[in-house]
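Got a protein in front of you and not sure where to begin? Let's take a look together, one question at a time.

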Amino acid sequence: MRTSEKVLIPIATKVLSAVRETPDGVTLTLDLRLGHSPGQFLQLSVVGIGEAPISIASWGGDTTTVHVREVGNVTRALAACRAGDTLYARGPYGNGFPMDATWRQSLVLVGGGCGVAPVRGVIQYILAHRGDYEDVVAFLGYRNPAELLFQAEIERWRRDIDLHISFDNMDGGCDFAATQGFVTDLVRQKEIPGGGSTAFLCGPPIMMTVASRVLMEKGMPEDRIWLSMERLMYCGLGECCHCMIGGKYTCVDGPVFRLDTIKEHIHE
Ligand SMILES: Cc1cc2nc3c(=O)[nH]c(=O)nc-3n(C[C@H](O)[C@H](O)[C@H](O)COP(=O)(O)OP(=O)(O)OC[C@H]3O[C@@H](n4cnc5c(N)ncnc54)[C@H](O)[C@@H]3O)c2cc1C
Ligand code: FES
């Protein structure tokens with residue numbers, strides 16, 4: 001067995017709040033206290049519908065936050081939950097971002113769309129351990145202002161980290177500091193912390209590929225770039241083989257992989 005029996009059994013958890021943040025995305029706060037690393041995920045289930053892997057979008061505290069984007073049956077059922085409803089959760093699973101191994105380093109965070117959810121957990125961890133990291137610069141990109149996640153927290157984040165936001169399309173206007181263009185253009189334009197920094201990326205595969213290339217052009221070696229990958233999953237335990245990437249299990253060896261160990265397989 002790769003994991004304890006305990007995390008095989010889903011536990012009932014109450015939905016404390018459900019906030020629709022985007023046209024197809026809902027943020028759920030669950031009455032669940034986890035001792036997890038930022039970047040790990042849960043298997044969340046709705047009785048009679050099914051189960052889906054969902055990244056943990058928070059760190060610390062007595063509750064757990066997830067952001068769910070409606071793409072099919074399970075995610076629609078999760079997004080339809082209201083405060084007081086019961087969900088089932090097993091986990092946390094996966095390795096998460098290497099927060100301990102990057103202690104005393106500068107960090108570059110790049111999140112795209114729904115991929116900003118696990119980055120929120122990283123940011124919360126950094127804010128709680130701010131003195132343990134050097135410069136922290138975050139680039140968050142969305143298709144348009146209606147897709148922005150966690151808007152209520154952005155000003156708080158700006159106090160402690162160097163935060164940049166971009167929208168591919170800003171035609172409808174935007175009432176706070178952001179630029180128009182791909183998030184990868186933003187990474188190209190802005191200074192990133194020099195020698196010894198590490199990057200954490202989460203978002204669509206094409207975004208992570210281009211962002212990695214830009215970071216390497218700026219001098220960051222590929223063994224300092226970490227990507228959070230998504231694959232179809234079932235067990236989450238390294239038993240069913242559905243989540244393989246290049247001979248590794250996304251559920252137990254990932255979902256966070258170092259670029260030099262995964263680069264041939266990003267687009268599989
Ligand atoms: C480690 C990990 C973390 C994740 N974190 C989040 C998260 O924080 N929030 C969130 O909303 N979703 C997240 N996902 C994706 C989520 O698990 C899937 O969207 C979900 O399983 C879809 O289930 P469904 O029954 O709603 O849709 P389905 O009916 O199963 O699928 C609907 C459509 O989405 C496609 N699809 C399903 N799963 C994936 C996938 N993993 N990658 C690409 N396309 C897929 C299907 O091919 C189909 O076209 C994560 C996935 C993984 C592996
Ligand atoms: S999901 Fe079953 S082995 Fe990874």
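## A helix pair, then the rest

Q: How many residues apart are Arg188 and Asp185 in helix H4, and what does that mean along the helix?
A: Keep in mind that this is a predicted model. Both residues sit in helix H4 (residues 183–189), three residues apart, so Arg188 and Asp185 are separated by about one helical turn. Their side chains meet in a salt bridge, and the N to O distance is 3.5 Å. So the answer is three residues, or about one helical turn.

Q: Are Arg188 and Asp185 buried, exposed or partly exposed?
A: The cut-offs to use are under 20% for buried and over 50% for exposed. Arg188 has a relative accessible area of 42%, and Asp185 has 26%. Both values fall in between, so Arg188 is partly exposed and Asp185 is also partly exposed.

Q: Which residue forms a salt bridge with Arg69?
A: Start from strand E5, where Arg69 sits, and go to the loop between strand E1 (11–22) and strand E2 (25–30). The partner in that loop is 45 residues away, and the pair links distant parts of the chain. The closest N and O atoms are 3.5 Å apart, and the partner is Asp24.

Q: What is the relative accessible area of Asp24?
A: Its salt-bridge partner Arg69 is partly exposed, with a relative accessible area of 28%. Asp24 counts as partly exposed too, because its value is 23%.

Q: Where in the chain are the two residues of the salt bridge between Glu153 and Arg120?
A: These side chains meet at 2.9 Å, N to O. The pair links distant parts of the chain, 33 residues apart. Glu153 is in the loop between E8 and helix H3 (154–160), and Arg120 is in helix H2.

Q: Is Arg120 buried or exposed?
A: Buried means under 20% relative accessible area. Arg120 has 9%, so this residue is buried.

Q: Thr65 lies in strand E5; which residues does Thr65 contact, leaving aside neighbours within four places in sequence?
A: Strand E5 covers residues 64–69, and Thr65 is part of it. Thr65 is buried, with a relative accessible area of 7%. Its contacts are Thr27, Leu28, Thr29, Ser55, Ile56, Ala57, Ser58 and Arg120.

Q: Why is strand E7 described as largely enclosed by the rest of the structure?
A: In a regular strand the side chains alternate between the two faces of the sheet, so it pays to check each face. On one side of E7 there are Leu107, Leu109 and Gly111, while Val108, Val110 and Gly112 are on the other, and all of them are buried. E7 is therefore largely enclosed because the number of buried residues is six of six.

Q: Which helix does the chain pass through between E7 and E8, two strands that pair in the parallel sense?
A: E7 and strand E8 (residues 136–142) are joined by six bridges, and Val108 stands opposite Val137 in E8. The chain has to cross from E7 to E8, and this β-α-β crossover is right-handed. The helix on the way is H2 (residues 116–128).

Q: Which residue in E11 stands opposite Gly111?
A: E7 also runs parallel to strand E11 (residues 198–202), with five bridges joining them. Opposite Gly111 in E11 you find Cys202.

Q: Which strands are at the edges of the open sheet?
A: Seven strands make up this sheet, with mixed pairing, in the order E10-E9-E8-E7-E11-E12-E15. An edge strand pairs on one side only. That leads to strand E10 (179–180) and strand E15 (256–258).

Q: What radius of gyration does the chain have, next to the value for a compact globule?
A: The C-alpha atoms fill a box of roughly 50 × 40 × 35 Å along the principal axes. With 268 residues, a compact globule would come out near 18 Å. The chain agrees with that, at 18 Å.

Q: How many helices and strands does the chain have?
A: You've now met several of them, including helix H4 and strand E5. The secondary structure of the chain comes to six helices and 15 strands.

Note on methods. Residues numbered from 1 in each chain as written. Chains lettered and ligands numbered in written order. Predicted model: local features only at pLDDT ≥ 70, side-chain atom pairs only at ≥ 80, totals over all residues. Heavy atoms only, no water. Buried < 20%, exposed > 50% of the residue type's maximum accessible area, 1.4 Å probe, protein only. Pairing = 2+ DSSP bridges. Right-handed = clockwise from strand over helix to strand, strands pointing away. Contact = heavy atoms within 4.5 Å. Rg over C-alpha atoms; globule rule 2.2 N^0.38 Å. Salt bridge = Lys/Arg side-chain N within 4 Å of Asp/Glu carboxyl O.
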